[in-house]
Structures are given as C-alpha cells and as structure tokens.
Amino acid sequence: MSASLTERLREARAQRGALLSDPRTTAFRLVNGAPDGVPDVTVDTFSGVPVVSLYRDFTPSEEQALVDAAWEAWAPRSLYLKRRPREARVLANVAREVVAPEQPARGEPVESLEALENGVRFLIRPAQGLSVGLYLDMRETRGWLRGEVRGLTVLNLFSYTCAFGVVATAGGAKRVLNVDTSRRVLDWGEENARLNGQPVDRYDYVAGDVFDWLGRLAKKGERFDVVISDPPSFSTTRTTRFSAARDYPLLAEAAARVVAPGGRLVACCNLAPLTPRRFEGLVDEGVARAGREARFVASLGPSPVDFPSSPEAPSGLKVHVVQLR
C-alpha cells in the first residue's frame, strides 16, 4: 500500500505540468484529493515545502504512511501537517497543536519563507496555523484582476494577508483599501506589500467588521471601481454571524452600494454545497436589493492544472464578476 501511495503522489506531482518549471510561480497545489487518487488529502507546496491537509480523522498509522510516502515521493526539505476535520475551526482555538502542529511532520523547521505567484512575492508561515498565508485556488482570479485594475480604485474585503491587494497594486491600481477583522493578518499583508517594494499607507489596512465598514463607506459616499468580496464560508465576530449560503445577498447588497457606476463586483465563495447557479442567484439578488443593475462579466475558478475536479469531487470555488450601472 505504501509503495502504491508513493507512486500516486509522484504521479500527482508530474501532472502539474508547466508549474513545475515556472520560475515565476513556486506556490501551487500538488495533490487535490480524490481527483488525484488521494481522497480526503490536499497538499500545497510553497517554494518546495509541502503542507499536507487531512479532511477526515486519519488513524496514526494512516498519517504515518502518508507522511512516509510524501517524503519518499518528493524528498522535500520539510513537510508540515494540518488536520482539518469538520470541527477543526473550533478545535483550532482550544487545541491548536493538535490540528496545526508548529513542528514539521518531517524535516527541518521553517518559520517563514518567500513564495512566488506570477512573479509576485508572498510571505508564507508553514507553522502559523491552519492558514499559512496564501489561498492557492485564487491564483487564476488574482491573475485576472492584475490585468484589469490599472489606474482604478480597489476595495479588498475579507482581505486576509492582502494577496488581492498586493496583486492589484502590482497591476497599477491607483488605490487599494484592505479590510479584515484581524489586525494581525493585515500586518502580514503590509509585510507582503513591502516584500514587493510597494509603499504602505496604514490607512489602507483597516481592521474591523466588513459590514460595519461597508456601511460607513456608503454613508461617506465613497465608491470603488472594483470591489472584491471573498468571505469565509462561515464566520463569527463579536457583533455578527455570517453564513455564505444564508447571508451572501446581504453582503452583495452592501458591497454593491460602494461600487462606482460602471465598476465591478468580484464575488467569491468557496462553499462546496452551494452550486454555481445558486451562488450567482444570491449575488444577483443582493445587487438588485441595492437598486443596481448588473451585467455579467466573467465566471472564474481555480486552475485545472493543479486543482483538478471530477463529477464526484467538483470544485468548491466560485467567482462571479458583474459590472454595475
């Protein structure tokens, strides 16, 4: 079984094609679960350091077999393990060392490293927690955005480490405002900007509730040419609870109120049970509630090169771009 698993992991890597030899991109997905023949497992690699994620409760022997096979298949300098069962979000607050060990499963500790995506630099912290600094399924959307924003203003909601903001600035955006509930990840976003030689204005890194800030911006009459909305599927703050399946129309409505006439809303969702058609309906419903008319511009998703899918394991990521009048 171990040899078979090793071969599957080698084959998955080989299927990444041009990504393996692209010096401008060193962050991509090596294994995408069942479509790569390894159900309940994903592996993201950052400058040669794999981060293995488990999506069910593996037994200790199963974990060991997987780590051994990955080590044999790829011979990395280090390998990190993340356990993501359904309750991982709760466990991360009370037993972080269980779900996201700080020490590597194999190899030398790597506190931080730089990874490249289409020539843009990002700071990755493999031992940081369940999220190490960059969501790789958004690479295609970030690439699209970079070519669309020269001379424009951009609002980056749920910005996390500000990857969309950094890419927009690299694409010549006139201004980018990043909003996230966590000051810690916004600080990380500032590090990413500096890593790329970009100027940092602290006023463009706003910590707070997104709905609250959308209300403030709308009240002040601020408008943006591009608004990126990439919320977690579920989140809880001190004042709000958000569920993408239930609340996306409210979010789309609030976001639409700060899109400039002729501007675009880039609405993202990664909730697998929500079909693309249903998600588009939720976005369009919210835009209509804001009294805006929308024209469909693009439907984006992850690269099939490193995020293969199948009818049994469809991609969860949906990106619906609309232009507002």
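## Strand β3 and its partners

A residue is called buried here when its relative accessible area is under 20%. In this predicted model, that cut-off applies to both faces of strand β3: V49, V51 and S53 point one way, P50, V52 and L54 point the other way, and all are buried. Because 6 of the 6 residues of β3 (residues 49-54) are buried, the strand is largely enclosed by the rest of the structure.

Strand β3 is joined to strand β2 (residues 41-46) by 6 bridges, and these two strands run antiparallel; within this pairing, T45 has P50 of β3 as its bridge partner. The two strands form a hairpin with 2 residues between them, and S47 in the turn has a positive phi of about 50 degrees. Strand β3 is also joined to strand β4 (residues 78-83), in this case by 4 bridges and with the strands running parallel, and here L54 stands opposite R83 of β4.

## The sheet of 7 strands

Further along the chain, an open sheet of 7 strands follows the order β10-β9-β8-β11-β14-β16-β15, and its pairing is mixed. Strands β10 (205-207) and β15 (294-300) stand at the edges with a single partner strand each, so one side of each is left without a neighbour in the sheet. Neighbouring strands of this sheet are turned against each other by 15 degrees on average, with direction ignored.

One pairing within the sheet can be followed in detail: strands β14 (residues 259-269) and β16 (residues 318-324) run antiparallel and are joined by 6 bridges, with R264 standing opposite Q323 in β16.

## N156 in strand β8

N156 lies in strand β8 and, because its relative accessibility is 2%, counts as buried. Its side chain makes a polar contact with the side chain of N178, at 2.9 Å. Leaving aside neighbours within four places in sequence, the residues in contact with N156 are C162, F164, G165, V176, L177, N178, V179 and I228.

## Helices α6 and α7

Helix α6 (residues 163-170) lies across β8 (153-157), β9 (175-180) and β11 (224-229), and runs at about 180 degrees to β9. This helix is mostly covered, with 6 of its 8 residues buried, namely A163, F164, G165, V166, V167 and A168. These buried residues of α6 pack against β7 (120-124), α5 (139-146), β8, β9, α7 and β11, and the helix is followed by G172, whose phi is positive, near 95 degrees.

Helix α7 (residues 183-195), one of the elements against which the buried residues of α6 pack, itself lies across β9 and β10 and runs at about 170 degrees to β10.

## Helix α10

Helix α10 (residues 276-289) has 14 residues and reaches 20 Å from its first C-alpha to its last, which is close to the 20 Å expected at 1.5 Å a residue. Its buried residues include F279, L282, V283, G286 and V287; because they cover an arc of only 130 degrees around the axis, they are on the same side of α10. An α-helix has 3.6 residues a turn, so residues three or four places apart point the same way.

The elements that cover the buried residues of α10 include α9 (244-256) together with β14, β15 and β16. After α10 comes G291, which has a positive phi near 75 degrees.

Key:
Residues are numbered from 1 along each chain as its sequence is written. This is a predicted model: local features need pLDDT of at least 70, side-chain atom pairs count only at pLDDT 80 or more; totals for chains, interfaces and linings use all residues. Side-chain values use heavy atoms; hydrogens and water are left out. Two strands pair if DSSP finds at least two bridges between them. Axes are lines fitted to C-alpha atoms, for helices over the stretch in contact, and angles run from 0 to 180 degrees between N-to-C directions. Contact means heavy atoms within 4.5 Å. Buried means under 20% relative accessible area, exposed over 50%, partly exposed in between (1.4 Å probe, protein chains only). A polar contact is a pair of N or O atoms within 3.5 Å; within protein, one must be able to donate a hydrogen and the other to accept it, and residues adjacent in sequence count only if both atoms are side-chain atoms. The expected span of a helix is 1.5 Å times one less than its number of residues. The arc is that of the directions from the helix axis to the C-beta atoms.
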